[in-house]
Amino acid sequence: MTKLSRALSLSASALALALAAGTASAETIRWARVADALTLDPHSQNEGPTLTLLRHIYSTLVSRNADGTLEPSLATSWEIHPDDPSIWVLTLREGVTFQDGSAFTAEDVVFSYERVLHESSGFRAIHADVEGAEAIDDYTVHVKMSGPSPLYPNNLTNFFIVDKDWAEANDVVAPQNFAAGEENFAVRNTNGTGPYKLVSRDPEVRTVMEAFDGFWGDAPAATEVIYQPIPEAATRIAALLSGEVDFVQDVPVQDIARLEQTDGVKVVTGPENRNLFFSYDMTSEKLRSSNVDDNPFSHPEIREAMALTLDRDAIQKVVMRGQSQPSAAPLPPFVNGWTEEMNAYDAPDVARATELVKSVYPDGFSVQLDCPNDRYLNDEAICQAVVGMMGRIGIDVSLNAQSRSLHFPLIEKWETDFYLLGWGVPTFDSAYIFNFLVHTREDSYGAYNGGKYSNAEVDAKIEEIATMTDLEARDAVIGEIWDQVMEDRVFLNVHNQLLAYAVKDGLNIEVHPENQPTMWTVTFD
Amino acid sequence: MTDAKTEPLLSVRDLVVEFPTRRGVLRALDRVSFDIMPGEVLGMVGESGAGKSITGASIIGLIEPPGRIASGEIRLKGERIDTLGPEAMRRVRGRRIGMVFQDPLTSLNPLYTVAQQLTETIRTHIDISKGEARKRAIALLDRVGIPAAARRIDDYPHHFSGGMRQRVVIALALCAEPELVIADEPTTALDVSVQSQIIEVLKDICAERGAAVMLITHDMGVIAETADRVAVLYAGRMAEIGPVRDVITEALHPYTAGLMGSIPTLTQETDRLVQIPGAMPRLHAIPQGCAFNPRCERAFAPCRETRPDLISREGGRDVACWLYDPARTGELRDA
Amino acid sequence: MTPETQAPQTKAPGRLYRAWDSDLAYAFRTAPVAIVATLVVLVVVFCSVFAPLIAPMNPYNPAALNLMNGFTPPMEPNAFTGEVFLLGADGQGRDMLSTIMYGTRTSLFVGAMAVLFAMVMGISIGLFAGWRGGWVDSALMRIADVQLAFPAILIALLVFGIARGFIPDGLRDQLAIWVLIVAIGLSDWVQFARVVRGASMVEKNKEYVQAAQVIGAHPLKIMFRHILPNVMGPVLVIATISLALAIIAEATLSFLGVGVPPTQPSLGTLIRVGQGFLISGEWWILLFPAVTLLALALSVNLLGDWLRDALNPRLR
Amino acid sequence: MIAFIIRRLIQSIIVMVAVAAVSFALFRFVGDPINSMVGQEASIDDRQALRDSLGLNDPIITQFGRFIGNALQGEFGISYRLQMPVTELIMQRLPATLELALVSGTLAFITGLGLGVYTALRRRGVLSNVIMTGSLIGVSLPTFLIGVLLIWVFAVELRWLPSNGRGEVVSIGSWWSTGFLTTSGRLALILPAITLGLYQMTLIMRLVRAELLEVLRSDFIKFARARGLSARAVNFGHALKNTLVPVITITGLQLGSIIAFAIITETVFNWPGVGALFISSVRFVDVPVMSAYLMMIALIFVIINLIVDLLYYAVDPRLRVDRAAHSH
């Protein structure tokens, strides 16, 4: 087996797709998911598959466990400066080397901060409160914030550290600038401190990585990772069933049962830090797509009626085949601010909902629902089911299901009356939700507040929690904000997504709440 | 000329060709019999649909399916050829019986040079080298009247005019030195001015080589100038056969008589058959008795009941008409 | 259009009628394949045209659906509701039989309208090109060449993309079907144009066309009247085969995410959705629509094939 | 001849410009690339700034002019999605598509020709009818379904062939990668090539049959038979060669549509070609890749057309004079 695996790594640029599962080395993982990383530049694209792949090559200062808690990575500890609450003191791990052999020091962290704050970076917003980083000694860094930022370390889990000398030598001190029309060296070349080294990469075809023997952590059991994006669900599952891949990350819910029954394959499931909800324009005078002259969503009765007709259990049972956690609150349980009560929802009451609609519009009304069809688990089917449920109470919904590239601009440009959105919370804190979805759209706030919700009182509270250091008091304010948002029915939440990974037997992997599985934690039987 | 004692080159006896259709089986040829002597030119005339071309096609074994020879026999020098297998028949075609079709513009494969088509044909039948075949081909082209044959042999058909192409076609039909050439309306598609030249070439070259010719045409003028004997077909049946001069000067069959009346005087084209009222019946509606009886001025009782067989008369003439039935000659003499 | 289509009856009815009534009808009677194909097409067309009357339910009315009926296997009672569906139910709780009937209706409508569109466009362009000749003709035929070589899917994607920019919100799902029709039709007019152009080039120099001009009639009108009967056969063959192609094209586009809204699925949409259940075991969601599409398209193709041979006696 | 080529080139340029204009128009409506380019955290202002820097807020005419200017230099910019130069990206993916198109085109041509000749010569045979009807089944189902079914049968159930990808590839020169040289590469080609070639095969088969039947009825074939040429010489020498003229034309033009139809096949089989690239680009609104793809298709079309014309020229001697006569 070792001989074979060596042969495989030697000819890594031209790796054979071993047809039979049995011929694959136990140390190699062939990993398929729906999409490829867009780039290998660690600071360019804040996007799921990109982050997932980069995590294997670059390390972050802080990482997140499968249970959602923070744990040390390149930073061994992080504290608020005793004298200045707006400074975070990071203590760095010693003895770490980059894959090109150079040593990891505070200089690299400071440089990475400069790079991640550059205007062509995709992560500026996450570090928006950072004023600058300063190396105190080789293994201590001070990060100066614009004000007290008690939860800032949550923002470090996707912050990859690059080697300053390497970046300067290769002229990649800033991430890709599209307008410049030139390709950035860092798009296809890497030098991280992570567990794997890049061996070869053919974008959207195959990326091969091998274990980095100078990795600061435990040597991974999987010495080689072959990553293949397969966009078509049926093809992806077929590849697993035919033994061409070992691990499929994005498993359609309907295939779970079949995979569980298949010999040699198992399915692991777990909750994702992402929930799915409908929202609507409750502010405009008149809707773009409705047949009535005012805005139906401005009536609390209508919003209540919609909540009453939404049969979350049916969606969970039939559309999601049990692969979801129905909930009334638009935040997953991982997120700070979540409470058990927020999840509770009323049983559907179509009769009452019909009455409510009739009380405002005796003949009902019509509206268009905008829905992505390639973004979330069964997004289109969920929308379709909801169209039916709304139809039952006199709301005539026409469905506009389209690709994500057409759907999301509608929300951003306020060109939708009623839409589906899924939201993940990488900081694991409610403030992230409030900032983007609840706060009135202005400056860096409210980019995804597609329903034009605007409540000055709520806005003030949202701004307040950003700098509160007393976490208990902060949680109380968060609770107040949630109470108001739930009362106003800003969101019609459906459920939290569950993730399903399918792997071949003998390979153990945990479901990651942010859907970012790590191959170096995989074990083999 | 025709010597009764020599064996005929081609002998067709009671040939019946049928086409099954959804309206029943059509008899395109109905018991047709005739002979062609070595070296003679037999003209075959009749209106469109009378069965001239089908006669030619059945001799050469190329009736379009679903048509088929239902009965009768065709003998070439005494040997039956209608029952030959496809491969044996193929060897007869071109080698022993040559064929010239109506339209020289479409008879030649546009994608091959004249040389390719000639040498291919020669070498199919005669075991000689390519160079030898080419020499023969050039000589033949020269003989059929293609100027600068050695140079033009490598041209493609579209480089030639219609008349020249028909000369090429004749060369192709004759290149394996067949004993019989069937020429199916060889000049119909050509300009009047070249028609006689083509006929001349065909006749001369066949005479040189001693090949017999079966000249199919609806142009009595051509027959009169070219043929030794003439056979007249009507509705798939033989009406009359005889030496061409005799038939022209004294037609026996009323149909032939009508036909002769339509020979163009000098070179002037006129509508043929204007003198005969009515039209030839369609094959699925052939009247009982003599096929010609509805149009015949001299028809009498038996004509409407029984089909007349060919009756041999003096001077090598045959006619299928009750008028000449010896049993009835007396009663009709004065009619 | 109306006066022209009626026109042939005055001039050519005898000839047309004879040809149709005799040879074609006979050829049909003796071709079992054509008979079976016609029967299949008739049954499918009947079921889809009368779907609103004979289908057990209206799957296009979302309010009538019960999500809990989702994924009910054929002939088995649903675990939650106890309802039984002859061909099972799909993921939205739609009765497959009804959904297929309505879906076929949509597919046939799209296909037929697309072919009609292509036909009208092709005949007009062909007639015009043949009549004008010269550079107009070369330009139009060059466009036709490009069109022919440019893949239908790309053209359809393009039309769809452009239409999306023009269609206002709220009308998207009503208009989607028409966009689809134009998209498919647009990639299919060339063959019609070629046939008609050829025929009109022959006709335009005939005396009656010039004569018509003398008496003040528009030559195009006259030509149309005379050409149509002549090209009826080939046009019919092209139309038949195009119909099958259009139905398949609709399905293909649906796979690329372009097509009718999922709340009003066509056969193609049903298959696109159904193929996701090939591995999971809900075979009826894929199998029944696929078999219906296969039966329909195959029959139409066979008819087209047969028609081509039958109308071309030289191939018989 | 030269005049003919010049005329063709001018036509080609017109075609290319038209395609450029149309594809450019299309991209106005496929969606907004910005959203896919930035993370969900990006503020509205950041988005506007990026739009500005990419020139997406300029007047359409300006954008089009810039696009044409760059395209003339073979410069299509950087992919919004994969951050690589588009020209390089397309060149990297092109071998996969061309190999697939070539194999399925050849497959379609050879089987189509063979079956077409067979069904024409044995017109009334039972097997011919079975072939004629059977071949229609392949075109009566959408390509993607055929692909999925093939995967299911041959990869999942039987495990004979790979379900996706190109297998092992070998680099030849600096930019060509081939799957022909390895077993896994050849195995991986089978299912996609069949899926892609099925439709073309049916088309070619029917075309060959119809043309051959037509030619077999022609006078020169009758005359060839009457000269006693062997059936082989008549059918394959004289008849088939005449059939080839239209067949070559259509087949050549079909090559363009094979490459485009590869969009579906590549998506289903996860074949790393330009078609799959195009579809992912559409989903991501990767405008530079989309425009480059369309321009490439147009270019391929123009080239194929030219080749077809020249082939025509080689096969049919009549054209040589006719064309020459025209150009005088």
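This passage describes a predicted model of a complex, taking its confidence, chain B, chain C and the remaining chains in turn.

The predictor assigns the complex an ipTM of 0.79 and a pTM of 0.81. Within chain C, the average pLDDT is 80, and 86% of the residues score at least 70. Confidence varies among the elements of chain C. Helix α4 (residues 32-49) of chain C has the highest mean pLDDT, at 91. Helix α1 (residues 2-6) of chain C has the lowest, at 39. Residues 1-12 of chain C have a pLDDT below 50. Beyond near neighbours in sequence, this stretch makes nine contacts in the model.

Chain B is considered next. An unreviewed UniProt entry lists residues 10-260 of chain B as "domain: ABC transporter". In the model, this range is 40% helix and 27% strand. Its end C-alpha atoms are 26 Å apart.

One sheet of chain B is open and has four strands. The strand order is β2-β1-β4-β5, and the pairing is antiparallel. Strands β2 (24-36) and β5 (79-80) of chain B form the edges, since each pairs on one side only. Strands of a sheet pair through backbone hydrogen bonds, either parallel or antiparallel. Nine bridges link strand β1 (residues 10-21) of chain B to β2(B) in the antiparallel sense. Within this pair, B:V12 stands opposite B:F34 of β2(B). A helix also packs here: α1 (residues 52-60) of chain B lies across β1, β2 and β4 (68-76) of chain B. The helix α1(B) runs at about 75 degrees to β2(B).

Parallel pairing appears around strand β8 (residues 212-216) of chain B. Strand β3 (residues 41-45) of chain B runs parallel to β8(B), and four bridges join the two. Here B:M44 stands opposite B:I216 of β8(B). Strand β7 (residues 180-184) of chain B also runs parallel to β8(B), with five bridges between them. The bridge partner of B:L180 in β8(B) is B:A212. Helix α8 (residues 192-209) of chain B joins this arrangement: β7(B), α8(B) and β8(B) make a right-handed β-α-β unit.

Strand β8(B) is mostly covered, and five of its five residues are buried. Both of its faces are covered. On one side, B:A212, B:M214 and B:I216 are buried. On the other side, B:V213 and B:L215 are buried. Two of the bridged positions thus recur in this covered strand: B:A212 is the partner of B:L180, and B:I216 stands opposite B:M44.

Chain C carries several annotated segments. The unreviewed UniProt entry gives "transmembrane region" for residues 33-55, 108-131, 143-163, 175-196, 231-256 and 283-307 of chain C. Two of these ranges can be compared with the model. Residues 33-55 of chain C are 91% helix and 0% strand. The end C-alpha atoms of that range are 28 Å apart. Residues 283-307 of chain C are 100% helix and 0% strand. There the end C-alpha atoms are 35 Å apart.

Backbone angles single out several residues. Most residues other than glycine have a negative phi, and most peptide bonds are trans. The phi of C:F71 is near 65 degrees, a positive value in a residue other than glycine. C:F71 sits in the loop between α5 (51-54) and α6 (96-132) of chain C. C:F71 counts as buried because 24 C-beta neighbours lie inside 10 Å. D:R159 also has a positive phi, near 60 degrees. Its place is in the loop between α7 (143-157) and β1 (170-172) of chain D. D:R159 counts as partly exposed because it has 16 C-beta neighbours inside 10 Å.

A third positive phi occurs in chain A, at A:W414, with a value near 55 degrees. A:W414 follows helix α11 (residues 404-412) of chain A. Buried residues of α11(A) include A:S405, A:L406, A:H407, A:F408, A:L410 and A:I411.

Chains A and D meet in a contact of 45 residues from chain D and 49 residues from chain A. On the side of chain D that touches chain A, α2 (33-37), α3 (44-53), α7, α10 (231-269) and α11 (274-284) of chain D each supply at least two residues. Helix α7(D) gives the most, with five residues.

Note on methods:
Residues numbered from 1 in each chain as written. Chains lettered and ligands numbered in written order. Predicted model: local features only at pLDDT ≥ 70, side-chain atom pairs only at ≥ 80, totals over all residues. UniProt positions renumbered as here; feature names shortened; annotations may be inferred. Pairing = 2+ DSSP bridges. Contact = placed C-beta atoms within 7 Å. Axes fitted to C-alpha atoms, helices over the stretch in contact; angles between N-to-C directions. pLDDT = per-residue confidence, 0-100. Buried ≥ 20, exposed ≤ 12 C-beta atoms within 10 Å, placed from the backbone. Right-handed = clockwise from strand over helix to strand, strands pointing away.
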